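Me: Hi! I have a protein to look through and I'm new to this. Could you walk me through it?

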Amino acid sequence: MRPTSRTVLGVATATVLAVTAVAPSTAAAPEDDSTGNRPLVGSEASARAGERAATVTLVTGDRILVSRDAAGDAAASALPREDGTVPFVQTRRSGEDLYVYPERATAALAAGRVDEELFNVTGLVRQGYDDAATGTLPLIAVYGTDLARSAPPAAPRGARRGQVLKAVDGVALQADKKRAATFWAEVEAPAARTAGGLRKLRLDRKAEATLEHSTRQVHAPEAWAAGFDGTGTKVAVLDTGADVGHPDLKGRVVASRDFTDSDGVDDRQGHGTHTISTVGGSGAASGGKKKGVAPGTDLLNGKVLDDSGSGAASWIIAGMEWAVAHGADVVSMSLGSPVPTDCTDPMSTAAQQLAQNRGTFAAPGTRTEYYTPGDTRWEQVLSPSFPFGEFMRGTAHAYTAGEKRTERWYDGVVAPTAPRDAAGKPVLVAERQGNLIGFADALWGDSTHDAQAGSFGDIGNVRLSRDGEPLGESAWPFGVFEVPSANGAYTLEQNVMKIGSKVWERSTSVNSVWKFTSKLDESVYSQGIPILFPRYTLPEDGLKTLAATDDQKIGLTATGHAGYTPAALTSARLSYSYDGGTTWTEAQVSRQDGAWTATVNHAGAAGRSP
């Protein structure tokens, strides 16, 4: 069989489209306030979508800006490093959580040497581990050495050592975010992974207090009547501390210890006192009516949750070890975390090890979650030329049991476009509110998918001019500009590109120029801006290559956004270049039954990038 030569679809393709346009439609007024209360498109408030933007420093030292897109979903953008380079990242969404994986972590993730939750940027923000909340990242380093019989290793550079967690052969660490890159380089060095060295680096996750049920629900009165009140046993309650001066607890607590960063073992939150009283309170405050489940047991008060009701996994593990060392028969923990686990995390491992080796029964609070088919919506993602392509997402779908769905991916040349909402309709991309014009599109997309913000080093800028005079420029591919109230001719120019890899020689940059007129209309809150997005359809494959033959047909169309609905195309031109735009070849363009088609000839262009 004779091989078919291919030519690479590249960047230097210019298309000029002229349209007969209806008047710009007025952007829909906000549903919650007819007088106008919605943040301007392209503004910081709009990016947050009701929540503050947060910067998160990952364990690798890479910094990620976490915000919300127009649909309210979490979005992430990689920020430049100190040397000015932008890390390549991959993103993954799981439910409401967004994971961001930088290039320097891929080997460790693939080998299972690092906890995936260290890259759950929404989870890190939710737990208060973003940069505005803390300057350190709490970690648990698990080693291949039996730390019960040997000295713990020294802390890696860029971190300080905390609790030694012998039950899991681990050490709690606090990594300084400003030195995170140094820390990561040291723990990933081959010497750190030798036998007996660092086995896995985990996030020191937070757990929160959860409420327990009443004694009547567990049939405690029947047990008391049979003579079982806990006498001769010892129960450790690991919680927010305890008010040992409470009438129900006077003389009941035999030992206390604080494992948190709070000031002492006292309960300033209330949950711990409630829980330990439920376990073994005397009922003195109620005349014996509200006794604990085991009013005869000896109580150990371990404070593992701080005064806000949350605590690190390392605090809880240290509390379990202390409880077992003090002879606890039962360790009660009314706490939990929303993070799913396969029971290999340090806290689960410690509970199992201590229970097996010491004969102690661990009784953590539990939560059962049920998922009904059709309730969970899944969002498809695609990256052609993985891992260095445009990382795009499709419309989220819910699936019923046994349902199969055929999804067509990559249905056109990727270029700037309007993002789509949950119903698959274009959202508002550009508008005028008073004397402000805002703009924010999707950096990449085809006719049905659009790019997730912050994926794989997408960067760009946008500038606005009026009657030939510059009004402003944004270092990001979106922005807000102050404009005069009088009518004027505007030019909006956006540049988006990919950097850092020769693999990205396909569609590495796009320059888009839009021209429109605008003036203040005080009778409306929002005026849609007439922004068009050219669309190209052609027989390219998943690697964005075409057969190097003549008579290639390219369909030409244009789409708008929620603030502007264009009419039919009245003329179109397309030119292409093989030398980065120095010389151009104009394609033949024809129209048939309202459809525009350009014909390009690529014979003799095998391996070249048009």
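Reply: Happy to! One definition to start with: a residue is buried if its relative accessible area is under 20%, exposed if over 50%, and partly exposed in between, using a 1.4 Å probe and protein chains only. Keep in mind that this is a predicted model, where local features need pLDDT of at least 70, side-chain atom pairs count only at pLDDT 80 or more, and totals for chains, interfaces and linings use all residues. Residues are numbered from 1 along each chain as its sequence is written, and side-chain values use heavy atoms, with hydrogens and water left out.

Me: Okay. Which residues does UniProt list under "active site"?

Reply: The UniProt entry, which is unreviewed, puts that feature at Asp239, His271 and Ser609. UniProt positions are given in the numbering used here, feature names are shortened, and annotations may be inferred rather than shown by experiment.

Me: Is Asp239 buried or exposed?

Reply: Asp239 counts as buried, because its relative accessibility is 1%. You'll find Asp239 in strand β13, residues 234-239. Strands (E, at least two residues) and helices (H or I, at least four) are DSSP runs, numbered from the N terminus.

Me: And where does His271 sit?

Reply: His271 is one of the buried residues of helix α6. That helix covers residues 271-280, and 9 of its 10 residues are buried, so α6 is largely enclosed by the rest of the structure. Among the other buried ones are Gly272, Ile276 and Val279.

Me: Let's zoom out. How many helices and strands are there?

Reply: The protein chain has 8 helices and 39 strands. It has 610 residues, and 45% of them count as buried.

Me: What about the surface and the contacts?

Reply: The accessible surface is about 29,200 Å², with 51% of it belonging to carbon and sulfur atoms. Those areas come from the Shrake-Rupley method with a 1.4 Å probe, and for residues only the protein chains shown count as cover. As for contacts (heavy atoms within 4.5 Å), take those in the protein chain with a separation of 6 or more: 69% are between residues 24 or more positions apart.

Me: Cool. Can you show me a sheet?

Reply: Sure, try the open sheet of 3 strands in the order β3-β4-β5, with antiparallel pairing. Its edge strands are β3 (54-57) and β5 (74-78), each pairing on one side only. From one strand to the next, the twist averages 30°. For that angle, axes are lines fitted to C-alpha atoms (for helices over the stretch in contact), and angles run from 0 to 180 degrees between N-to-C directions.

Me: What counts as pairing, and what holds strands together?

Reply: Two strands pair if DSSP finds at least two bridges between them. In general, strands of a sheet pair through backbone hydrogen bonds, either parallel or antiparallel. Here, β3 and β4 (residues 63-68) run antiparallel and are joined by 4 bridges. Within that pair, Ala54 stands opposite Val66 in β4.

Me: Any hairpins I could look at?

Reply: Yes, β24 and β25 form one, with 2 residues between them, and Gly434 in the turn has a positive phi of about 60°. The two strands, β24 at residues 430-433 and β25 at 436-440, pair in the antiparallel sense over 4 bridges. Gln433 stands opposite Leu436 in β25.

Me: Which strand does β25 join over 5 bridges?

Reply: That is strand β29 (residues 478-482), and the two run antiparallel. There, Ile437 has Phe481 in β29 as its bridge partner.

Me: New topic: how many salt bridges are there?

Reply: A salt bridge here is a side-chain nitrogen of Lys or Arg within 4 Å of a carboxyl oxygen of Asp or Glu, and the count comes to 12. One of them joins Arg92 and Glu116, at 2.7 Å from N to O. This pair links distant parts of the chain, 24 residues apart: Arg92 is in strand β6 (residues 89-94), while Glu116 is in the loop between α2 (106-110) and α3 (121-126). Arg92 is partly exposed at 32%, and Glu116 is partly exposed at 33%.

Me: Is there one with a buried partner?

Reply: Lys303 forms a salt bridge with Asp307, with the closest N and O atoms 2.8 Å apart. Lys303 is buried at 0% relative accessibility, whereas Asp307 is partly exposed at 30%. Arg268 belongs to this picture too, as Arg268, Lys303 and Asp307 are linked in a network of salt bridges.
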